[in-house]
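Me: Could you take me through this structure and explain, term by term, how each label is justified?
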Amino acid sequence: MSVTLSHQIGERRPAGTENVVLEVHNLKVYYTTPTGDVRAVDDVSFEIREGEIVGLVGESGCGKTTTAMAILRLVQSPGRIVGGQILLDGQDLVRLNERELREIRWTRISLIPQGAMNSLNPVMRIKDQIGDAIETHEGRLPRKELQERILKLLAMVGLPSRVYHMYPHELSGGMKQRVCIAMAIVLNPTLVIADEPTSALDVVVQRVVGETLLEVKNRLGVSMILIGHDMGLMAQLVDRIAVMYAGRLVELSDVYSLFKEPLHPYTQLLIESIPSIKERKPLKLTEGLTHDLRNPPPGCIFQLRCPHVTDKCREVVPPLLEVQPHRRVACHLYYDV
Ligand SMILES: Nc1ncnc2c1ncn2[C@@H]1O[C@H](COP(=O)(O)OP(=O)(O)OP(=O)(O)O)[C@@H](O)[C@H]1O
Ligand SMILES: [Mg+2]
């Protein structure tokens, strides 16, 4: 395999990180359409521990952004949370009203939205955009104090102080993305959700932005959910990986074990698809298509593409179960339930 794991398991931060900051239980988010409900997130459960980065991967349309938006209670109509719990330090976000949610967003959970760098205000200097984010939550601050806070944030994400006076169009894509990271940490949240923060950047800049996220995590001790497609980048950055397929979580594992021995047939396909110059091989494609999310088949969600499909897979939904220490998979190959 061409991917190197930058922080192998033995070298990681010691696992004094068992404190769970966020628990998602049986989350279901559906989009209502004239032809039926799209089950974008279907019975998804996972947890995020203190100070860890969890990568959320899966092909386009599998429900990654919807999961992120649900955690922040920002799912837009016609989408709605139809079931489940989202516990932040034990408090269920699904039950909170808009005023209570406003107190949590940014201060305790912040989001770097998909395509964030393109939504920076083009006619505002960086200092004003970051300053606004701070003052919206903390009220008016003395100018000197605000300036110091902003300069400290810019330094934290590896940006030179001259960026303070600049406009977004004067910055490269990577610099803009680092401004977005700075804006996500202005209020020192417990959890940062970064939705594809490195897509649309070239590979070198992707690495720089990735390293910035890692640096921020290590210095602030925040937990992160990092959404993306790039398995190579995930291998470099995250502690655990959650693999989604068609609205369901099919595998959740520490990153090292997942790359060494992927369990779910879909994860195996993802890992095998990582290109390698050493070993040029034809892309292994399984036949069949992803089913319509409005009308999932009974049984396993991956049955149409799975090379190991059996009758049981067509009848019984495989639950996500721990099959090895710290490894959960939703596949009948690994248990008999
Ligand atoms: N407003 C909507 N109405 C109907 N279906 C929607 C709507 N928004 C999203 N969906 C569907 O929900 C599913 C999940 O979408 P989502 O954006 O969460 O996927 P994603 O994994 O983030 O994809 P990508 O990698 O392309 O960003 C998709 O099948 C999508 O078509
Ligand atoms: Mg998305």
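Me: Why is Ala 246 called buried or exposed?

Reply: This is a predicted model, in which local features need pLDDT of at least 70 and side-chain atom pairs count only at pLDDT 80 or more, while totals for chains, interfaces and linings use all residues. Residues are numbered from 1 along each chain as its sequence is written, and chains are lettered from A and ligands numbered from 1 in the order in which they are written. A residue is buried if 20 or more other C-beta atoms, placed from the backbone, lie within 10 Å of its own, exposed if 12 or fewer, and partly exposed in between. Ala 246 has 23 other C-beta atoms within 10 Å, and is therefore called buried.

Me: What makes Asp 89 exposed?

Reply: Asp 89 has 11 other C-beta atoms within 10 Å, and therefore counts as exposed.

Me: What is said of phi in Asp 89 and in Ala 246, and where do these residues lie?

Reply: Phi is near 45° in Asp 89, a positive value in a residue other than glycine, and phi of Ala 246 is likewise positive, near 45°. Most residues other than glycine have a negative phi, and most peptide bonds are trans. Asp 89 sits in the loop between S4 and S5, whereas Ala 246 is in the loop between strand S9 (240-245) and strand S10 (248-254); strands here are DSSP runs (E, at least two residues) and helices are DSSP runs (H or I, at least four), numbered from the N terminus.

Me: Which peptide bond is cis, and what is its omega?

Reply: The bond joining Ser 77 and Pro 78 is cis, with omega about 10°, and Pro 78 belongs to the loop between H1 and S4.

Me: How do you know which strands are at the edges of the sheet S2-S1-S4-S5?

Reply: Two strands pair if DSSP finds at least two bridges between them. The open sheet of four strands has the order S2-S1-S4-S5, with antiparallel pairing, and its edge strands are S2 and strand S5 (91-92), each of which pairs on one side only. Within this sheet, eight bridges join S1 to strand S4 (residues 79-88), and Glu 23 stands opposite Leu 87 in S4.

Me: What makes H3 and H4 roughly perpendicular?

Reply: Angles of 65 to 115 degrees count as roughly perpendicular, those under 35 as roughly parallel, those over 145 as roughly antiparallel and the rest as oblique. Axes are lines fitted to C-alpha atoms, for helices over the stretch in contact, and angles run from 0 to 180 degrees between N-to-C directions. The axes of helix H3 (residues 126-138) and helix H4 (residues 143-156) come within 10 Å and cross at roughly 110°, and the two helices are therefore roughly perpendicular to each other.

Me: Which residues of H3 meet H4, and how do the residues of this contact divide?

Reply: Lys 127, Ile 130, Gly 131 and Ile 134 in H3 meet Leu 146, Arg 149, Ile 150 and Leu 153 in H4, where contact requires C-beta atoms, placed from the backbone, to lie within 7 Å. These residues divide into five nonpolar, one polar and two charged; Ala, Val, Leu, Ile, Met, Phe, Trp, Tyr, Cys and Pro count as nonpolar, Asp, Glu, Lys and Arg as charged, and the others, Gly among them, as polar.

Note on methods. Two residues are in contact if their C-beta atoms, placed from the backbone, lie within 7 Å.
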